[in-house]
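Hello,

Here is the structure I promised to pass on. Please open it first, then read my notes below.

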Amino acid sequence: MTGQQMTGAQALVESLKRAGAEVVFGLPGGAILPTYDPLMDAEGLRHVLVRHEQGAGHAASGYAHATGKVGVCLATSGPGATNLITAIADAQMDSIPMVAITGQVGSAFIGTDAFQEADIVGMTMPVTKHNFLVRDASEIALTIKQAFHIASTGRPGVVLVDVTKDAQQAMTEFVWPEELDLPGYRPESRPHSKQIREAASLLLEAQRPVFLLGGGVLRGKAWNEVRELVDVSGAPFVTTLMARGALPDSHPSHLGMPGMHGTVAAVSALQRADLIVAIGARFDDRVTGRLDSFAPSAKIVHADIDPAEISKNLLADVPIVGQAADIARALSAELRERLATDDPRDYATWWNTLDLLRKNYPLGWTDTEDGFSAPQKVISRISAISGPDSIYVAGVGQHQMWSSQFVTYENPLTWINSGGLGTMGYSVPAAMGAKVGRPDKVVWSIDGDGCFQMTNQELATCVINDIPIKVAVINNSSLGMVRQWQNLFYDQRYSNTDLNTGHGTRRIPDFVKLADAYGCAGLRCERDEDIDATIAAAMEINDRPVVVDFTVSADAMVWPMVPAGVSNDEIQIAQGMSPEWERDI
């Protein structure tokens with residue numbers, strides 16, 4: 001088609017195909033309508049009509065999470081574009097490669113407060129990796145190629161492309177650029193050999209090393225190289241919330257997830273380490289706790305593709321900028337070479353301490369006092385029955401933390417959640433996008449009754465487009481994580497957290513009836529003895545989405561827990577209970 005005359009809208013659709021897009025999640029409106037016309041006939045480019053633009057953004061994010069490809073969403077101007085902002089900010093914070101395309105009012109109307117005009121470029125500038133305003137049809141092809149390149153290279157992120165209506169309608173000669181020249185954009189990919197040597201020296205000198213693996217291991221598709229590095233080193237590792245599944249939970253060196261709701265072994269290992277090697281992690285507050293008390297004796301090797309992250313929160317002794325896979329490969333080679341002549345490592349005492357912590361403080365839960373099912377049990381049984389080849393997508397809150405704790409992750413790209421922004425309503429549309437991207441996989445949306453009510457309209461999208469996700473609503477009839485904080489820090493004053501969705505309430509809405517109204521299969525489980533059979537029944541239904549209303553206790557809380565603003569040393573394993581450090585270390 002190069003050299004052919006076409007409208008800007010046709011050029012936009014053709015450019016998406018040339019850039020490698022296979023699926024677009026979107027909702028039409030006036031300013032993007034010229035593009036929706038050729039989209040109707042586009043071969044090889046599937047469009048999924050969502051019920052809300054935020055759903056389109058989260059679906060594109062879930063698709064990108066599950067496949068490693070660039071997710072694409074499409075919306076009109078004004079409120080259509082502003083409805084995307086939450087999803088854009090969410091994906092940007094979690095380094096998800098995504099291109100968001102919005103229609104804009106005609107060039108002559110920009111700045112006049114025209115109908116459905118909004119400065120979406122200005123609004124999203126703080127929450128995108130880059131954005132473009134396209135006013136000329138001849139610039140569309142180049143801009144789309146640039147957008148996909150920027151979104152998927154270096155530290156992945158979101159690129160917004162805002163295209164005026166007149167640019168979509170104008171005629172242009174389609175030219176797909178073969179080369180790109182982006183002055184100033186040269187994402188570093190090769191780690192410096194000097195830093196690699198220094199990192200290797202610190203690893204061999206350390207008595208208590210720990211690898212801190214972050215989401216960058218997954219975004220960089222570096223799980224094989226990082227696993228090799230961990231095996232060569234002999235050191236333990238922890239996986240952050242965004243890195244769950246990067247290396248298998250069953251790996252003997254895995255200590256669990258660190259942070260506010262991390263395992264005692266993982267949190268304690270970081271606190272007592274004399275060396276932390278962070279790969280693709282950013283030392284956010286949920287991992288570090290009070291920053292001035294985090295890992296007080298540890299030297300820091302910080303490896304990341306984004307130089308802006310290194311030493312941003314914690315001063316790095318050895319900064320390494322590069323792709324996670326390249327860094328891990330180079331560090332493995334350096335270690336092998338040195339270990340072939342001399343092996344000074346002695347981690348026996350360190351491993352003895354960590355093994356004691358793993359043994360004495362495993363993850364678990366206690367029976368509920370109100371007789372309702374423990375949500376941890378429900379989620380652990382979903383994991384056991386559905387298995388590690390399934391994809392699990394959480395919303396935000398208690399169910400998210402329990403899903404990170406009690407689902408067993410053995411494979412990369414099987415855990416999807418809103419980590420950085422913590423967006424309620426993320427799960428259902430993101431699970432939809434993941435299922436579109438990986439139709440061969442069982443995809444579970446593990447959602448809370450609060451989150452579920454924010455975006456469950458996308459069940460209609462799933463039914464109509466034959467996207468058979470499975471939704472487990474962990475229904476404690478409340479905004480669970482907020483209620484937990486009210487329990488612990490606000491004298492059990494449960495202000496505005498009761499949702500009236502569970503057993504013994506008015507059940508507004510009744511999730512089983514809601515599922516039926518949307519054309520889904522609706523199931524309910526209210527007793528422990530029915531959990532396995534209910535999950536098995538859900539697993540048998542593959543011709544439409546399934547919604548399972550699991551009635552669980554509102555009093556269950558997420559443990560362990562490091563309260564906000566305190567040192568990780570103050571981790572609690574239950575209310576008012578801390579580990580007996582002197583006994584275990």
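**A pocket and its lining**

The second largest pocket is lined by 23 residues, and W365, T366, M557, W559 and A574 lie nearest its centre. Keep in mind that this model is predicted. The volume of this second largest pocket is about 600 Å³. What classes of residue make up its lining? There are 12 nonpolar, 8 polar and 3 charged residues.

**Two helices**

Next, look at helix α16, which covers residues 375–386. Helix α16 has 12 residues. From its first C-alpha to its last it reaches 16 Å, close to the 16 Å expected at 1.5 Å a residue.

Which residues of α16 are buried? They are P375, Q376, V378, I379, S380, I382, S383 and S386. Several elements help to cover them. Among the strands are β14 (391–394), β16 (443–448), β17 (470–475) and β19 (546–551). The cover also includes the helices α17 (398–406) and α23 (531–540). After α16 comes G387, and its phi is positive, near 90 degrees.

Now move on to helix α21, residues 480–489. Its buried residues are G480, M481, R483, Q484, Q486 and N487. Helix α17 is part of what covers the buried residues of α21. You have met α17 already, since it is also in the cover of α16. D491 follows α21 and has a positive phi, near 55 degrees.

**Three residues to click on**

Start with S15. You will find S15 in helix α1, residues 8–18. Is S15 buried or exposed? S15 counts as buried because its relative accessibility is 0%, and the cut-off for buried is under 20%. A polar atom of the S15 side chain lies 2.6 Å from the backbone oxygen of A11. Set aside the neighbours within four places in sequence, and S15 is in contact with I140, A141, I144, F174 and W176. You can also try a distance across the model. S15 and P156 are 141 residues apart in sequence, and their C-alpha atoms are 20 Å apart in space.

Then go to T239. T239 sits in strand β10, residues 237–239. T239 has 0% relative accessibility, so T239 counts as buried. Which side chains make polar contacts with the side chain of T239? One is R244, at 3.5 Å. Another is H254, at 2.9 Å. Both residues also appear in the list of what T239 touches: L213, R244, H254, G256, M257 and P258. That list leaves out residues up to four places away in sequence.

Finish with T461. T461 belongs to helix α20, residues 458–464. T461 counts as buried, because its relative accessibility is 0%. What does T461 touch, not counting residues up to four places away in sequence? The answer is V48, L49, V50, R51, M432 and I467. Take M432 as an example. M432 is 29 residues away from T461 along the chain. Their C-alpha atoms are separated by 8.5 Å.

**Where to begin**

Try the pocket first, with W365 and W559 among the residues nearest its centre. Then show α16 with the strands and helices that help to cover its buried residues. Last, bring up T239 with R244 and H254.

Best wishes

How values were computed:
Residues are numbered from 1 along each chain as its sequence is written. This is a predicted model: local features need pLDDT of at least 70, side-chain atom pairs count only at pLDDT 80 or more; totals for chains, interfaces and linings use all residues. Side-chain values use heavy atoms; hydrogens and water are left out. Helices (H or I, at least four residues) and strands (E, at least two) are DSSP runs, numbered from the N terminus. The expected span of a helix is 1.5 Å times one less than its number of residues. Buried means under 20% relative accessible area, exposed over 50%, partly exposed in between (1.4 Å probe, protein chains only). Contact means heavy atoms within 4.5 Å. A polar contact is a pair of N or O atoms within 3.5 Å; within protein, one must be able to donate a hydrogen and the other to accept it, and residues adjacent in sequence count only if both atoms are side-chain atoms. On a 1 Å grid over the protein atoms alone, a cavity is a set of points where a 1.4 Å probe fits but cannot get out, and a pocket is an open set with protein on both sides within 12 Å along at least five of seven lines; lining residues have an atom within 4 Å of a point. Grid points are joined across faces, edges and corners, and a volume is the space filled by probe spheres set on the points. Ala, Val, Leu, Ile, Met, Phe, Trp, Tyr, Cys and Pro count as nonpolar, Asp, Glu, Lys and Arg as charged, and the others, Gly among them, as polar.
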